[in-house]
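Colleague: I am new to this structure and would like to go through it piece by piece. Please show it first.

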Amino acid sequence: MLEKREVLDQITKIPSLHMHHAKPLLRWFLARGVDIRALKLDTAIAAYLLDPSDNRFVIGEVLSRYTNWVFPASQGAQSDQLDFGNEANDVSRRSACDALAINALLNPLNDALAKQGVKTLYYEVELPLVRVLAKMEHVGIAVNKKALTSINDHLIHEVQKLTGVLHGLAGREFNLNSPTQLREILFEERKLQPGKKTKTGFSTDAATLEKIRDQWPEFIDPLMRYREFEKLRSTYGEGLIQSVAKDGRIHATFNQMVARTGRLSSDQPNLHNIPVRSDEGKVFRTAFVPSDGNMFMVADYNQIELRCIAHLANDPGLIEAFTNSVDVHAVTAARVFSVETKDVTSAMRAQAKMVSYGLAYGMEAFGLSQRLAIGVDEATKILDAYFIAFPNVRRYMDETVAEARKRGYTVTLFGRRRPIPELNNPNFRIRQAGERQAMNSGIQGLAADIFKVALVHIDDQLSEANLESRVILQVHDEVIIEAPPHEREQVNDLVLAAMKNAASLSVPLEVNAAWGETWADAKA
DNA sequence: TCGGCCGGTCA
DNA sequence: CGTGACCGGCCGA
């Protein structure tokens, strides 16, 4: 009988491992000091890449999807089921089933990957990424719990004050967090003129409150501040404190099989939506800190999705803007509003920015008019002007939708597919939603692919250079590295180069990098 | 207890 | 009537 240590060491000597959903197991081994590098196939990840629209990746389902075999049903095995007799459904039986299933899936999955033309994407990007993510989860991110608690205490105080004020103004106590009870106060007792409706009644969301504010500003104003503070308190204050593990760090999970565009997602907790826009919210980022003696490097792509559009649409104006410009939104505004770049006002720039990003999401005149608070006719003019300035963008959008409808799926530059059956749905609204998804997935998907390549390369090159620095966190187009100060220059160069060179587009990939003592500090 | 809904945070 | 996510709270089943 081998000692436990020896068993773990034996694992590292296995040259080739095939697993289903390997990340949790890799992380389990990392917690015991074993870094498994031999993962050669992950059947769950393969199934995801083959069809990211599926959300069931348990091995039994993948097995029946890609082979003629099925897992034994609880009632008893049928002829073409994996059959281990009538033994109890215990762990060893289950493990044997898994092993057989993985083996049975090897060829079918590899064939399917080859047929879709995504073997490179799988073996060069998705598969190595599994271990990178396992390491990120294992290491986690350190949290200054005192700072976090103090932020939360402040929020509790503010929420309490505002609760008292609002109950006083309403004339009675009620649950401020209940849209139902809030509706009673606003629209029944106070007879405010309501805005838009939801499925269950009149809306009380921030945009609506803004519109009806003037009818009762002394209530609406503190209500909106209450909403802001209560959101920060419950989700980030209480939520993050709860998530801090015994080692003083937060170990979120980074899910590789959720987002239909190829992006990663984060949960338990979600570290992808830590506040940054409002002053009250972004203080949470001061509580995220490097391990003792280290610094944070934060590097993020500059407008990567717009650069993806420039490349995919092959639009001369957009490519020129990204190749030569220091301020693409200003250049876009100049072209859209037919003025000299130097004469672009901040309002024009903001509108141009909104148009650019809106396009990436398939936005139309109505949507633009809502966001810019202008008339639909004016929004139409702006969009028309945009498409005159950047004609290939419209052509790209049209062709992308047409091809996706014909094939039933979209394909990114790197070959990642996404089925969009809604494109042929008889329901107009559903079909239109499918069109927006089709327009967006090539863009968001390419950005995701590029970022994943960068992540794998960064991790690879950090080990290759024998550096202590390590990837801690990822937020779609941003990576956070924990680095000892003496590695700063080397890491800075390495990370920037890896990100810029992750793909070769017809526009350069620009990366901003900053160093600091907290996540909040490391902002360029 | 669970799931749908509302509202809100991020890229 | 802009894409992609996750989460806390409410509320009815």
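Colleague: Are α15 and α17 roughly parallel or roughly perpendicular to each other?

Modeller: This is a predicted model. In it, the axes of helix α15 (residues 346-360) and helix α17 (residues 376-389) come within 11 Å and cross at roughly 75°. Angles from 65 to 115 degrees count as roughly perpendicular. The two helices α15 and α17 are therefore roughly perpendicular.

Colleague: Which residues of α17 does α15 meet?

Modeller: By class, the contact of α15 with α17 has six nonpolar, two polar and no charged residues. On the α15 side are Q351, V355, S356 and L359. Their counterparts in α17 are I382, L383, Y386 and F387.

Colleague: In what order do the strands of the four-stranded open sheet run?

Modeller: The edge strands are β11 (470-474) and β13 (511-516), each of which pairs on one side only. Pairing in this sheet is antiparallel, and the twist averages 25° from one strand to the next. The order is β11-β12-β8-β13.

Colleague: How many bridges pair β8 with β12?

Modeller: Strand β8 covers residues 295-301 and strand β12 covers residues 478-483. M297 has I481 in β12 as its bridge partner, and V298 has I480. The pairing is antiparallel, and the number of bridges is six.

Colleague: Which helix packs on that sheet?

Modeller: The helix touches β8, β12 and β13. Its direction makes about 20° with that of β8. It spans residues 488-500 and is α20.

Colleague: How many residues of β12 are buried?

Modeller: In a regular strand the side chains alternate between the two faces of the sheet. On one side of β12, E478, I480 and E482 are buried. On the other side V479, I481 and A483 are buried, so both faces are covered. The count for β12 is six of six.

Colleague: Which residue in the turn between β11 and β12 has a positive phi?

Modeller: Four bridges join β11 to β12 in the antiparallel sense, and Q474 has V479 in β12 as its bridge partner. The two strands form a hairpin with three residues between them. In that turn, a positive phi of about 70° belongs to H476.

Colleague: Where else does a residue that is not a glycine have a positive phi?

Modeller: Most residues other than glycine have a negative phi. A373, in the loop between α16 (365-372) and α17, has a positive phi near 55° and counts as exposed at 70% relative accessibility. Another case has a positive phi of about 55° and lies in the loop between α8 (179-189) and α9 (206-212). At 66% relative accessibility that residue counts as exposed, and it is K191.

Colleague: Which residues does a cis peptide bond join?

Modeller: Most peptide bonds are trans. Here omega is about -5°. The proline of the pair is in the loop between β6 (265-267) and α11 (279-282). The residues joined are Q268 and P269.

Colleague: Which strand is in the middle of the three-stranded open sheet?

Modeller: The edge strands are β4 (249-250) and β7 (288-289), each of which pairs on one side only. Two bridges join β7 to β3 (residues 141-143) in the antiparallel sense, and A142 has V289 in β7 as its bridge partner. The order β4-β3-β7 puts in the middle strand β3.

Colleague: Why are the buried residues of α2 on the same side?

Modeller: In helix α2 (residues 23-30), K23, L26, F29 and L30 are buried. What covers them includes α1 (4-13), β1 (17-19), β2 (39-42), α6 (119-139) and β5 (253-255). The four are on the same side of α2 because they cover an arc of only 125°.

Colleague: Is N440 buried or exposed?

Modeller: N440 is in helix α19 (residues 428-464). Leaving out residues up to four places away in sequence, N440 touches T261, A360, Y361 and G445. Its relative accessible area is 9%. Buried means under 20%, so N440 is buried.

Colleague: How far apart in space are Q160 and S16?

Modeller: Q160 is in helix α7 (residues 145-170) and is exposed, with a relative accessible area of 56%. In sequence, Q160 and S16 are 144 residues apart. From C-alpha to C-alpha, their separation in space is 58 Å.

Key
Residues numbered from 1 in each chain as written. Chains lettered and ligands numbered in written order. Predicted model: local features only at pLDDT ≥ 70, side-chain atom pairs only at ≥ 80, totals over all residues. Heavy atoms only, no water. Pairing = 2+ DSSP bridges. Axes fitted to C-alpha atoms, helices over the stretch in contact; angles between N-to-C directions. Parallel < 35°, antiparallel > 145°, perpendicular 65-115°, else oblique. Contact = heavy atoms within 4.5 Å. Nonpolar A, V, L, I, M, F, W, Y, C, P; charged D, E, K, R; others polar. Buried < 20%, exposed > 50% of the residue type's maximum accessible area, 1.4 Å probe, protein only. Arc of directions from axis to C-beta.
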